[in-house]
Amino acid sequence: MNTEETKAPEAEAATTPAAAPQGRGPRAPRRDGNRNGRGPRRDGGRRNETPAEEGPQLMEKVVYVNRCAKVVKGGRRFSFSALIVVGDQKGKVGYGFGKANEVSDAIRKGTDAAKRAMKSVVVVNDTIPHETYSEFGGAKIVLKPAASGTGLVASAKVRSVLEAAGVNNIIAKSLGSSNAANVVKATMQAMLSMRTADQILSARGKKKKDAAI
């Protein structure tokens, strides 16, 4: 028997394409008419759409980060504390203190606390209405109004509070302790103690036009 003749039918069978299995037909289009992509999300939003930002833009400043080491059996454990100042640069400012085992968590906690503690301060023409002096603990702060173009003449700790409040022209001097927490608290106390002329006259039961008489 010729071996080539016996192999010929097998070769032909291998070259012929197999019949397509009988199954479901082509996939029907979705009800929303989108053939290539996925259907709409259950929440009704779009997949590539970024959420819109809500609320005013806040300035966040890290004033001071402290590291504390606790000696335990087997080594030392570190914890961190962060002092954060938050403001909208339009007359509202606050500070917060956060503690955690990681720096990022401490900053996040301090930022949340500062946002909850935001208070309104007096800002007139990018400066303060009058000179003021404040003490908190060993920190002593003097704030003086300045003309336009002077800028912020202050230390880094005092500057963080003034910038967050929206003050652009001022002369400040720290006379006492350089402790970051006390300096920030003394600055906030000085900002909250200021009043405009109209506020003082209204508290006395007078009007602005009566003051000139």
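Where does Thr127 lie? In this predicted model, Thr127 sits in the loop that runs between β4 (119-120) and β5 (132-136). Loop or not, Thr127 counts as buried, because its relative accessible area is 9% and the cut-off for buried is under 20%. Setting aside neighbours within four places in sequence, the residues in contact with Thr127 are Val122, Pro145, Ala146, Val167 and Asn169.

Stepping back to the overall fold, the secondary structure of the protein adds up to six helices and eight strands. Going along the sequence, these elements come in the order α-β-β-β-α-β-β-β-β-α-β-α-α-α. Of the contacts in the protein with a separation of 6 or more, 54% are between residues 24 or more positions apart. Buried residues account for 28% of the 213 residues. The protein exposes about 15500 Å², and 48% of that comes from carbon and sulfur atoms.

Confidence is worth a look before the details. The mean pLDDT of the protein is 80, with 71% of the residues at 70 or more. Two stretches call for some caution. Over residues 11-15 pLDDT stays under 50, and the model has zero contacts there beyond four places in sequence. Residues 45-54 also have pLDDT under 50 throughout, with four contacts beyond four places in sequence.

Now for the interior. In soluble globular proteins, nonpolar side chains tend to be buried together. Here, the largest nonpolar core holds 27 residues, and the ones with the most contacts inside it are Val85, Val93, Leu143, Val158, Leu162, Ile170 and Met191. Both strands and helices feed into this core: β2 (75-87), β6 (139-145), α3 (156-165), β8 (170-174) and α4 (180-193) each give two or more residues to it. The biggest contributor is α4, with seven residues. Another core lies apart from this one; it has eight residues, including Ile84, Ala106, Ala114 and Met118.

Ile170 gives a view of the surroundings within the largest core. Beyond its neighbours within four places in sequence, Ile170 is in contact with Ile128, Leu143, Lys144, Ala146, Gly151, Leu152, Val153 and Leu162. Two of these partners, Leu143 and Leu162, are themselves listed among the residues with the most contacts inside the core. Ala146 also turns up in the contact list of the loop residue Thr127.

Turning to charged pairs, side chains of opposite charge can pair when their charged atoms come close. A search of the whole structure turns up three salt bridges. One of them joins Glu60 to Lys115, with the closest N and O atoms 3.7 Å apart. Glu60 belongs to strand β1 and Lys115 to helix α2 (residues 103-116), so this pair ties together parts that are 55 residues apart in sequence. Glu60 is partly exposed, at 45% relative accessibility, and Lys115 is partly exposed as well, at 39%.

Another salt bridge links Lys61 with Glu163, where the closest N and O atoms are 3.4 Å apart. Lys61 is in strand β1 and Glu163 in helix α3, so the pair ties together parts 102 residues apart in sequence. Relative accessible area is 27% for Lys61, which makes this residue partly exposed; Glu163, at 21%, also counts as partly exposed.

The remaining salt bridge is a local affair. Asp105 and Arg108 meet through their side chains at 4.0 Å, N to O. The two residues are three apart in helix α2, so about one helical turn separates them. Asp105 is partly exposed at 30% relative accessibility, and Arg108 is partly exposed too, at 44%.

Finally, the surface has a nonpolar feature of its own. Val62, Val65 and Val103 make up a nonpolar surface patch, with about 200 Å² of accessible area together. Val65 is located in strand β1 (residues 59-72), the strand that also carries Glu60 and Lys61. With a relative accessible area of 36%, Val65 counts as partly exposed, and so passes the over 30% cut-off applied to patch residues.

Terms used. Residues are numbered from 1 along each chain as its sequence is written. Side-chain values use heavy atoms; hydrogens and water are left out. Patches are made of residues with over 30% relative accessible area and no salt bridge: like charges are joined within 9 Å, nonpolar side chains (Val, Leu, Ile, Met, Phe, Trp, Tyr) within 5 Å. Accessible areas come from the Shrake-Rupley method with a 1.4 Å probe; for residues, only the protein chains shown count as cover. Helices (H or I, at least four residues) and strands (E, at least two) are DSSP runs, numbered from the N terminus. Buried means under 20% relative accessible area, exposed over 50%, partly exposed in between (1.4 Å probe, protein chains only). pLDDT is the predictor's confidence in each residue, from 0 to 100. Contact means heavy atoms within 4.5 Å. A nonpolar core is a set of buried Ala, Val, Leu, Ile, Met, Phe, Trp, Tyr and Cys residues joined through side-chain atoms within 4.5 Å.
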